[in-house]
Amino acid sequence: MQMFLDTFAVITWQMPVMWLIGGILIFLAIKYDMEPTLLLPMGFGAILVNLPMPEGIEGAVNVIETLYYAGITNELFPLLLFIGIGAMIDFGPLLSNPKMLLIGAAAQFGIFFTLSMARLLGFDLLDAASIGIIGAADGPTSIVVATQLGTKYKGAIMVAAYSYMALVPIVQPPFIKLATTKKERLIRMPYNPGSVSKGLRILFPICVTVVAALVAPASSALVGFLMFGNLIRECGVLDSLSNTAQNVLANLITIFLGITVAFSMKGADFLKPETLMILGLGLVAFIADTVFGVFFVKFLNLFTKNKMNPMIGAAGISAFPMASRVVHKMGLKEDPQNFLLMHAAGANVAGQIASAIVGGLIIGLVL
């Protein structure tokens with residue numbers, strides 16, 4: 001009886017609120033299939049780390065804490081996950097149309113815009129930079145940057161980054177429509193992939209790694225692991241390792257990452273006014289990325305004969321492959337014969353590279 005009394009004695013008001021938040025994440029994962037591999041373990045972890053534990057008894061929290069320091073603090077989980085992501089990516093659409101690199105770079109505008117907004121709201125430079133990186137639309141990059149910069153808002157930043165990645169199909173379409181006209185959304189882009197040689201596919205990840213290290217040395221780990229995963233895919237002699245990286249490794253690390261992120265979601269630290277501000281700024285970052293990507297394509301159209309559908313600019317964020325699917329579905333809705341998937345995929349994988357490089361630039365600039 002005394003044990004039960006001791007348990008109830010340590011319950012704070014924040015705990016039931018976090019149970020509710022965890023339940024909402026689980027509900028969204030199961031009911032609406034929103035990034036279930038991330039939101040479900042994240043939601044369950046949020047409940048676990050906010051369970052009442054009498055003094056001297058830590059239970060599951062101790063295990064999650066061990067995983068947190070083993071996989072998040074030293075950036076192991078994000079980097080291993082990047083190997084799996086790299087093995088999934090086909091850079092063919094990008095190599096067939098290199099100007100997509102410009103679109104991927106332009107769609108990172110939300111990072112710097114949100115950084116400026118966070119500074120205006122009173123966050124110090126390191127915290128503001130960590131918040132701005134939510135605009136990368138890339139969970140691993142957000143974790144690495146927030147860890148490197150030592151922000152005290154890591155939990156809120158990681159939750160915002162992954163939650164908005166899951167909400168891309170809801171967040172992006174209305175703002176893409178606002179930023180385009182009916183005529184622009186009907187622009188067709190025939191896909192002529194041409195010939196991308198195996199040699200070019202092998203050289204590309206190697207060259208990108210070297211260039212990224214020269215331009216933004218702090219991005220070398222992120223870009224390097226991403227490109228290593230892609231090299232495994234493209235070399236043609238490591239098919240079993242490529243399949244393992246794409247499936248077993250990526251899924252296993254995603255599960256661990258999701259439940260481990262929850263260690264930063266303890267109610268006393270998470271339920272603060274700053275958390276709501278960070279969630280709001282994260283939404284601003286995603287919207288700014290989307291809109292600026294669209295307008296950048298419109299700008300390019302001023303100087304090109306063959307017009308591009310501005311909607312592909314929204315796929316320049318790093319939320320791979322969700323953003324490209326969103327654009328493709330919107331194109332089909334406007335015109336059932338308008339297939340934008342490969343063009344959007346080119347911009348999407350360009351955004352994946354750009355987000356990792358910008359993450360390294362942010363670290364180098366503010367530290």
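1. In this predicted model, the contact between helices α5 and α16 is made on one side by Phe77, Leu80, Leu81, Ile83, Gly84, Ala87 and Met88 of α5, and on the other by Ser242, Ala245, Gln246, Leu249, Ala250, Ile253, Thr254, Phe256, Leu257 and Thr260 of α16. The two helices, spanning residues 76-88 and 239-261 respectively, have axes 8 Å apart and pack at an angle of about 145°. The crossing of α5 past α16 is left-handed.

2. A second helix pair to examine is α12 (residues 168-179) with α19 (residues 322-334), whose axes come within 10 Å and cross at roughly 50°. That angle makes α12 oblique to α19, because an angle that is neither under 35 degrees, nor over 145, nor from 65 to 115 counts as oblique. The residues in contact are Val168, Pro169, Gln172, Pro173, Ile176 and Lys177 from α12, together with Met322, Ala323, Val326, Val327, Met330 and Glu334 from α19. As for handedness, α12 and α19 cross in a right-handed manner.

3. Turning to charged side chains, the model contains eight salt bridges, one of which joins glutamate 184 to lysine 298, with an N to O distance of 3.2 Å. Since glutamate 184 belongs to helix α13 (residues 182-185) and lysine 298 to helix α18 (residues 273-301), this pair ties together parts of the chain that are 114 residues apart in sequence.

4. Arginine 188 likewise takes part in a salt bridge, here with aspartate 335, and the closest N and O atoms of the two are 2.8 Å apart. Arginine 188 is placed in the loop between α13 and α14, whereas aspartate 335 is in the loop between α19 and α20, so this salt bridge ties together parts that are 147 residues apart in sequence.

5. On the surface there is a nonpolar patch formed by Leu203, Ile206, Val210, Val211, Leu214, Val215, Leu361 and Leu365, which together have about 760 Å² of accessible area. Two helices, α14 (198-215) and α20 (341-366), each supply at least two residues of the patch, and α14 gives the most, with six residues. Valine 215, one of the patch residues, has its place in helix α14.

6. Read together, these points show α19 in contact with α12, the loop between α19 and α20 holding aspartate 335, the partner of arginine 188, and α20 supplying at least two residues of the nonpolar patch.

Methods
Residues are numbered from 1 along each chain as its sequence is written. This is a predicted model: local features need pLDDT of at least 70, side-chain atom pairs count only at pLDDT 80 or more; totals for chains, interfaces and linings use all residues. Side-chain values use heavy atoms; hydrogens and water are left out. Patches are made of residues with over 30% relative accessible area and no salt bridge: like charges are joined within 9 Å, nonpolar side chains (Val, Leu, Ile, Met, Phe, Trp, Tyr) within 5 Å. Accessible areas come from the Shrake-Rupley method with a 1.4 Å probe; for residues, only the protein chains shown count as cover. A salt bridge is a side-chain nitrogen of Lys or Arg within 4 Å of a carboxyl oxygen of Asp or Glu. Helices (H or I, at least four residues) and strands (E, at least two) are DSSP runs, numbered from the N terminus. Axes are lines fitted to C-alpha atoms, for helices over the stretch in contact, and angles run from 0 to 180 degrees between N-to-C directions. A crossing is left-handed if the near helix is turned anticlockwise from the far one by less than a right angle, and right-handed if clockwise. Contact means heavy atoms within 4.5 Å.
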